[in-house]
Amino acid sequence: MGPVSDTDARWMNAAVALAARGRGRTAPNPNVGCVLVRDGQVVGRGWTQPGGRPHAEAVALAQAGEKSRDATCYVTLEPCAHPSTRGPACADLLVSAGVARVVAAVRDPDPRTDGAGFSRLADAGIEVVSDVGGETARRAMAGWLTRRKRGRPFVTLKLAMSLDGAVAMADGSSQWITGPVARAHAHGERSRHEAILVGRDTWDADHPQLDVRLPGLEARSPARVVLTSRPVEGSVVTIGAPEEIAALPGDYLLVEGGAVTAAAFLRADLVDRLLLYRAPVLVGAGRSLPGFGLTDLAAAHGRWRLDDARQLGVDRMEVYERTRCLPA
């Protein structure tokens with residue numbers, strides 16, 4: 001469907017970066033990024049806005065105006081082709097704007113569009129190039145794709161632990177294992193999720209606020225969820241088992257604790273991403289994760305892939321992704 005160049009890959013990376021800005025804010029629509037380029041210059045850019053509208057392409061086209069004519073559109077997902085009461089189809093907007101070329105990362109799995117967006121563009125004489133930066137784009141839209149493929153949100157399990165693997169003191173207290181830089185980073189992670197979950201023991205012992213306390217991001221605090229079989233006071237959602245997360249709002253769920261809850265999600269194989277904060281402290285006889293069904297040490301290998309690692313003040317952060325294939 002057309003040649004792919006290093007330039008295409010570079011501009012697609014820019015579109016993927018824009019897509020990440022909408023993560024945790026666009027459900028039920030995907031967090032898409034879009035860049036419009038003409039004569040080597042960006043003339044428009046956009047990402048899907050909170051609540052799913054306007055779409056990334058519509059934002060970029062509005063910014064570019066007449067400069068979108070003969071431009072190349074780099075977009076992380078096939079432009080939608082199905083009608084909606086919330087706005088026009090992006091494929092039609094691109095045709096009307098007179099873009100010359102569309103480079104997309106991922107074909108839309110929604111049966112209402114699935115290939116129809118590409119066909120509509122091609123029928124209008126627009127060059128279409130697909131599957132550019134597909135793996136990176138799928139990871140950026142992992143929540144939406146997981147919801148469509150598996151019927152549940154994408155789950156990140158956050159663990160703060162000591163060098164010797166303790167997630168809490170022997171009495172269950174865990175505030176604070178990590179330092180202020182790591183805790184600030186964790187609040188940034190909260191802002192990228194629609195819901196945050198803790199177990200009943202953590203809720204009762206720590207009375208966590210489960211909000212975002214970074215200046216300017218307070219409004220992005222996620223919905224609070226408690227894993228419990230008993231009533232809970234306050235404005236929280238409760239579920240009785242990890243498998244019930246399908247009913248939770250949004251596409252991204254952050255599981256923060258405690259150890260029993262973490263083990264329950266691992267046992268159910270519902271964790272897609274591990275977010276580990278390792279503090280340079282030794283606890284000794286502290287609490288670690290209980291068993292979660294592993295009976296063969298060989299089976300533990302190859303399940304997790306290191307995605308990121310960095311120093312956060314005195315603490316070390318590591319991100320691992322489950323090695324199962326991302327939904328296509």
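**Notebook: strands, domain contact and loops**

I began at strand β5, where I looked up the bridge partner of valine 103 and found valine 129. I note at the outset that this is a predicted model. The two strands concerned, β4 (residues 101-106) and β5, run parallel and are joined by three bridges.

I then followed the sheet outward from that pair and read it as an open sheet of five strands in the order β2-β1-β3-β4-β5, with mixed pairing. Its edge strands are β2 (41-47) and β5 (127-129), each of which pairs on one side only. The average turn between neighbouring strands of this sheet comes to 15°, with direction ignored. Looking for what covers these strands, I found helix α1 (residues 6-21) lying across β1 (33-38), β2, β3 (72-77) and β4, and running at about 140° to β1.

Next I checked how the chain is divided. The domain assignment gives domain 1 as 6-144 and domain 2 as 153-322, and the centres of the two, taken over C-alpha atoms, are separated by 33 Å. In the contact between them I found 13 residues of domain 1 against 14 residues of domain 2. The two domains bury about 1,100 Å² between them, with 40% of that area on carbon and sulfur atoms. On the domain 1 side, Arg23, Gly24 and Arg139 supply 53% of the area buried against domain 2, more than any other three residues. I also looked up the salt bridges between domain 1 and domain 2, for which the count is two. Arginine 139 also has a salt bridge to note, since its side chain meets that of glutamate 321 at 3.5 Å, N to O.

I moved on to strand β10 (residues 252-257), which I found mostly covered, with six of its six residues buried. Strand β6 (residues 154-161) pairs with β10 in the parallel sense over four bridges, and within that pairing leucine 157 has valine 255 as its bridge partner. Strand β7 (residues 195-199) is likewise parallel to β10 and joined to it by four bridges; here valine 198 stands opposite glycine 257.

Both Val198 and Val255 turned up again when I looked at threonine 261, whose contacts, leaving aside neighbours within four places in sequence, are Leu197, Val198, Gly199, Leu227 and Val255. Threonine 261 lies in helix α9 (residues 259-267), and I entered this residue as buried because its relative accessibility is 6%, where the cut-off is under 20%.

Last, I went through the loops for unusual backbone geometry. The peptide bond from alanine 27 to proline 28 is cis, with omega near 10°, and proline 28 sits in the loop between α1 and β1. A cis peptide bond also joins arginine 53 and proline 54, with omega about -10°, and proline 54 belongs to the loop between β2 and α2 (56-64).

Is aspartate 70 buried or exposed? I asked this after seeing that its phi is near 70°, a positive value in a residue other than glycine, in the loop between α2 and β3. Aspartate 70 counts as exposed, because its relative accessibility is 54% and exposed means over 50%.

Leucine 210, which is not a glycine either, has a positive phi of about 55° and is placed in the loop between α8 (200-206) and β8 (223-227). With a relative accessible area of 2%, leucine 210 is buried.

Definitions and conventions: Residues are numbered from 1 along each chain as its sequence is written. This is a predicted model: local features need pLDDT of at least 70, side-chain atom pairs count only at pLDDT 80 or more; totals for chains, interfaces and linings use all residues. Side-chain values use heavy atoms; hydrogens and water are left out. Buried means under 20% relative accessible area, exposed over 50%, partly exposed in between (1.4 Å probe, protein chains only). Contact means heavy atoms within 4.5 Å. Two strands pair if DSSP finds at least two bridges between them. Axes are lines fitted to C-alpha atoms, for helices over the stretch in contact, and angles run from 0 to 180 degrees between N-to-C directions. Domain bounds come from an automatic or database domain assignment. Buried area is the accessible area (1.4 Å probe) that two parts lose on being put together, summed over both. A salt bridge is a side-chain nitrogen of Lys or Arg within 4 Å of a carboxyl oxygen of Asp or Glu.
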